[in-house]
Amino acid sequence: MTASSSPSASPASSATDRYQPLALEERWQALWKDQCLYETQDPKPGQRAFYALSMFPYPSGTLHMGHVRNYVITDVIARVQRMRGDAVLHPMGWDAFGLPAENAAIERKIEPGVWTDSNIAQMRGQLGRLGLSIDWNRELATCHSDYYRWTQWLFLELHAGGLAYQKDATVNWDPVDQTVLANEQVDAEGRSWRSGALVEKRDLRQWFLRITNYADALLDDLDQLKGWPERVRTMQANWIGRSIGAEIDFQVEAHPGLSVTVFTTRPDTLFGVSYLVLAPDHALVDQLTTSDERISVTAFRDLMAELSQDERTSDDQPKRGVPTGAFAINPANGESIPIWIADYVLADYGTGAVMGVPAHDVRDFAFARQHELPVQRVIEVPGTNEHLNDGEAWTGPGTLIHSAGFSGLTNEEAKTAITNHGAENGWARAKRQYRLRDWLISRQRYWGCPIPIIHCDDCGAVPVPRNQLPVELPTGIDLNGAGGSPLARAEDWVSVSCPKCGKPARRETDTMDTFMCSSWYYLRFADPHNQDLPFDATSVNRWLPVKQYVGGIEHAILHLLYARFFTKALNDRDLLETNEPFERLLTQGMVQGTTYRNPRTGRYVSPSVVADESNPLDPDDGGALEVLFEKMSKSKHNGVDPAAVIDRYGADTARMFILFKAPPEKDLEWDDADVEGQFRFLQRLWRLVDSEVNHDEASPATGESDSDIRRAVHQAIKAVGEDLSDDFQFNTAISELMKLSNALSSGLAQASKGVRQEAMSALVRLLAPFAPHLAEEFWQRLGGQNSVHIQPWPDHDPDALVMQSIEVVIQVKGKVRGSMSVAVDCSKEELERLALASDVAKRWLEGKPPRRVIVVPGKLVNLVPSS
């Protein structure tokens, strides 16, 4: 530190002031804003670029503790890397389109844009109180036309590359929100991810993106993402769901030229097929069903239409099905096998048809047993000449039996051999199958990005010329929540001329899935003011990939998968160099609050009506309440308002608590007592700095504690630095700050001036990422120049960690009687001599030589008296 403060700095509090966080924080936030302290600077030659990004929020209007945790984590990382000398990009924006704003507008009879902008202003102010080092000059909102102009531009780019297309499709329809949902937006129980409504199936003409073109790349490149949690990589791999096998055609009896195609990963079991199963909504069911089975098939299909995917396919449910009355020919052996429909086969997975091999598939075995279908074993259990009992299916490896010329092959050899044989005879082909489906982006709502397509009777679907973008949303639309797209009712907006032929035409009235907007926003942050392109390649290549991305695990599949697809697609369009958007990913845990629940009714009870926390009772029925920790939410009455915490303790205390309470990837249980504890710790630091500022330089400094103080300081620098690298452990880093504070409080006054200055400089710089306002205050009070947040991160001195002396215990007959300070490298002989010359020896040996001396170097000397 230097002797004078920056001339541009606001005067720090006087030494006699108490710690008053609100006034202090407001003062420093205003000064940082005036100084443009956190504006992004392009990297200088040789300087590393570090892009730190939080998943941007939906502007609901109210900040919650989950937001606080997310943004504070990213802020600490950004601040540390800035002090380490990196050029840092740390922006913020708003994921602002979507149904909640449209529904709120309907309820309040106002424009969604007015509602959204009001919420953005409110949340921006709330975020400002946290002291985040955000470059607000790069702020964006996906609902503003200066952003969605470029979302439309990128849609047209994908369309030009053959990646955007329209087709008639059976889609997921949310009857509450009156819109289509992507497969990823329907949960395992068949309900909408947002409204919770049971999803219906409808046939509509919709827009899709060919994400399946990138299925292999999205899966294979997961191996590159070493900085991602294994859990997220596994979730994406399972969602993509690559299976390697074969497609096999089964000719249908009595229907010349008609075949049922199945996909299987087990062509080696083809000779064991005893039936085929179609999904109830398979396109061939009507054609194949005989008159004798028509009534039962129709009834079964109606029943299946009412059930969710999870209810149909659950392993603990009986396997239900009915025969169609049709039969197919097994191409491997010419046998006739029945064709059924069943609950466990899904139309949108594979071909919507499976071959039943009950001897070698657990699910098929259960179905065959229930419906008395034959079981033919074609794989022998390895190591035995016997077959398994009829009570179970063998799904492991083995040798083929009852398989004509393929008998004797291992099942792995047979997979290739049977597939090749089928390919030669025209009824099989090798195939890779994916669970992933093309991304459905059409939405029948108003508050979204308009799809820039014009429909002409003569020219078909015509892209809007790029020089006519953006296609802006019209205002004054009747948003009554009724079915169909609200834009279709805006006749003046819909009716246009065809860009190709000039004849009357109509705009596309669907809007884009909001995930389109969030799939590329990280690119716009790198070049947010570009008026000619969504981003300049040089700017994007300078900052991308994002070095550290922070957000919730709930985005593991939807947002993160779509963003990876977008990046790869735009890379193929030569718009950027990077192939993956996010180098490292941190998925922070949830913030949980104390929750009261009535176990008899399942109703959640507000803490405000619980009279006695030690014996919580429901005021309505007088019964005992369960006390749980659950994710904070309005419905559970367990939320904590960040503004109330800041008003009482200050933002620095809120930041310290949220970082200290739990490792970042773990769930955090809110506890007011722990918040109070962090406030007391900051008060102790205030008193420590106050003591140093008022230190009497006239009093002689002995320097006796210099080595101990320097050791404590550099141990902290080393430990905190390690905790803030790679796998972040903010909680243990703060623990190290507490240990350093204790060491300085007990020994700093006895240290020399230079050591005191070194210690306080290091302490304040280590504190700066966690409690930025207080650290800035301390820096100025201690005479630092400029802002602490542009100071270099301290490096530890390895020599300072070396202990010069240690305490060695002196025992007499195994009991501790004293100790002595000795050099670290003191020899056994020297330890014995010093122990015998000590006051302890004189007192307990009474001048007599010991019978024995036991020396354990670095630990103890045990004197055994002669009698």
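What percentage of the 867 residues of the protein count as buried? Keep that in mind as you load the model, which is a predicted one. The answer is 52%.

**Stop 1: the whole protein**

Start with everything shown as a cartoon. You are looking at 26 helices and 33 strands. Along the principal axes, the C-alpha atoms fill a box of roughly 115 × 80 × 70 Å. Now switch on the surface: its accessible area comes to about 38,100 Å², and carbon and sulfur atoms make up 48% of that. How do distant parts of the chain figure in the contacts? Among contacts with a separation of 6 or more, 71% are between residues 24 or more positions apart.

**Stop 2: the charges**

Next, colour the charged side chains. There are 88 positive and 118 negative ones, and the centres of these two sets lie 5 Å apart. Then select Lys813, Lys815, Arg817, Arg843, Arg851 and Arg852, which gather on the surface as a patch of positive charge.

Zoom in on one member of that patch, arginine 851. You will find arginine 851 in the loop that runs between helix H26 (839–845) and strand E32 (852–856). Is arginine 851 buried or exposed? Arginine 851 counts as exposed because its relative accessible area is 60%, and the cut-off for exposed is over 50%.

**Stop 3: a neighbour in the loop list**

Stay with the loop between H26 and E32 and select glutamate 846, which also has its place there. Look at its backbone: phi of glutamate 846 is positive, at about 55°, although this residue is not a glycine. Glutamate 846 is exposed too, with 62% relative accessibility.

**Stop 4: another positive phi**

Jump to alanine 254, in the loop between strand E8 (243–252) and strand E9 (259–264). What is unusual to look for here is the sign of phi: alanine 254 has a value near 70°, which is positive in a residue other than glycine. Its relative accessible area is 77%, so alanine 254 is exposed.

**Stop 5: two cis peptide bonds**

Finish with two prolines. Select leucine 469 and proline 470: the peptide bond from the leucine to the proline is cis, with omega near 5°. Proline 470 sits in the loop between strand E20 (460–463) and helix H13 (491–494).

Then move to leucine 544 and proline 545, which are also joined by a cis peptide bond, here with omega of about 0°. To place proline 545, look in the loop between helix H16 (537–543) and strand E24 (548–551).

Definitions and conventions: Residues numbered from 1 in each chain as written. Heavy atoms only, no water. Helix = DSSP H or I, 4+ residues; strand = E, 2+ residues; numbered from the N terminus. Buried < 20%, exposed > 50% of the residue type's maximum accessible area, 1.4 Å probe, protein only. Contact = heavy atoms within 4.5 Å. Areas by Shrake-Rupley, 256 points an atom, 1.4 Å probe, with all protein chains shown as cover. Lys, Arg positive; Asp, Glu negative; His and termini not counted. Charge placed at Lys NZ, Arg CZ, Asp CG, Glu CD. Patch = residues over 30% accessible without salt bridge, like charges linked within 9 Å, V, L, I, M, F, W, Y side chains within 5 Å. Salt bridge = Lys/Arg side-chain N within 4 Å of Asp/Glu carboxyl O.
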